[in-house]
Amino acid sequence: MRLVAWNCNMALHRKLAALLTLRPDVAVLSECASPERLVERLGAGALGCEPAWIGANRDKGLAVLAFNGYRARLADDHYRRSLRFIAPIRIEGPTPFNLLAVWAQNFSDGIRRKRQPGPLRLALTRDYGAFLADGPAIVAGDFNNNIFWDRPGYLINHAHTVALLDRFGLVSAYHHARGEAQGVEREPTHYWRDRTKDGPTYHIDYIFLPRAWAAGLREMNVGSFEDWCGNGLSDHVPLMVDVTV
């Protein structure tokens, strides 16, 4: 099974061909237009699947696309609209699992004070624990966070998120594959502000897998700057994971 997490930075209709070169089975796409908007731009059937999507702005939401016998549907019985861009998704197909798709709005959503936990921590501690515990689960997307930014006593610290995910039995595919510690990643996923290779860069996109699946991790790749940012597709590169379950 091939998983992809990518912040496509809007306008997926111009970037779909690039995404499809990755041959994903399941793709978590932040800043993605609604299915209706994509049909307007691409035509009916062009996506090759029926996306699960949440958002208020039809040009910029959170989508999950599934291909190759996989299907994605929003788990309405678990979904909490108060967390705007955290989506509980049932993935059906050859390897069914629960997916918590993430496009975390942190600083941009006013999370600045010490006692503000941020949306992903709320999702893990308050709203989606039962969903994650109900069978195999994956948490993936743009977390907009890294231990690099952690400050003493702040509830939004990424270290707390990693610890919570560990309690759910989930491990970061990137860190497992590369043997790197959180906060010292050598491969960025976000080329911030200037969108240049030597400008500010951060690792803020993640795919957390069940620990039991980590032994089946066959490949883990981070997209190159040249293929995804240097040519103007996005300020993020995709994270791609191949796992055999």
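Start this tour of a predicted model by selecting L120, R121, L124 and T125 in helix α3, together with H160, T161, L164 and L165 in helix α5. These two groups of residues meet one another. Colour the selection by residue class: the contact of α3 with α5 has four nonpolar, three polar and one charged residues.

Next, widen the selection to the whole helices, residues 119-127 for α3 and residues 158-167 for α5. Two packed helices are described by the angle between their axes and the distance between the axes. Here the axes come within 10 Å and cross at roughly 25 degrees. Angles under 35 degrees count as roughly parallel, so α3 is roughly parallel to α5. Turn the view to look through one helix onto the other; the crossing of α3 and α5 is left-handed.

Now leave the helices and show the strands. Which order do the six strands of the open sheet have? The order is β3-β4-β2-β1-β14-β13, and the pairing is mixed. Select 52-57 for β3 and 217-222 for β13: these are the edge strands, and each pairs on one side only. Neighbouring strands of this sheet are turned by 10 degrees against each other on average, with direction ignored.

Stay at the β13 edge and add β14, residues 239-243. Strands of a sheet pair through backbone hydrogen bonds, either parallel or antiparallel. In what sense do β13 and β14 pair, and over how many bridges? Their pairing is antiparallel, over five bridges. For a last stop, select L217 and V243: V243, in β14, is the bridge partner of L217.

Terms used
Residues numbered from 1 in each chain as written. Predicted model: local features only at pLDDT ≥ 70, side-chain atom pairs only at ≥ 80, totals over all residues. Heavy atoms only, no water. Pairing = 2+ DSSP bridges. Helix = DSSP H or I, 4+ residues; strand = E, 2+ residues; numbered from the N terminus. Axes fitted to C-alpha atoms, helices over the stretch in contact; angles between N-to-C directions. Parallel < 35°, antiparallel > 145°, perpendicular 65-115°, else oblique. Left-handed = near helix turned anticlockwise from the far one by under 90°. Contact = heavy atoms within 4.5 Å. Nonpolar A, V, L, I, M, F, W, Y, C, P; charged D, E, K, R; others polar.
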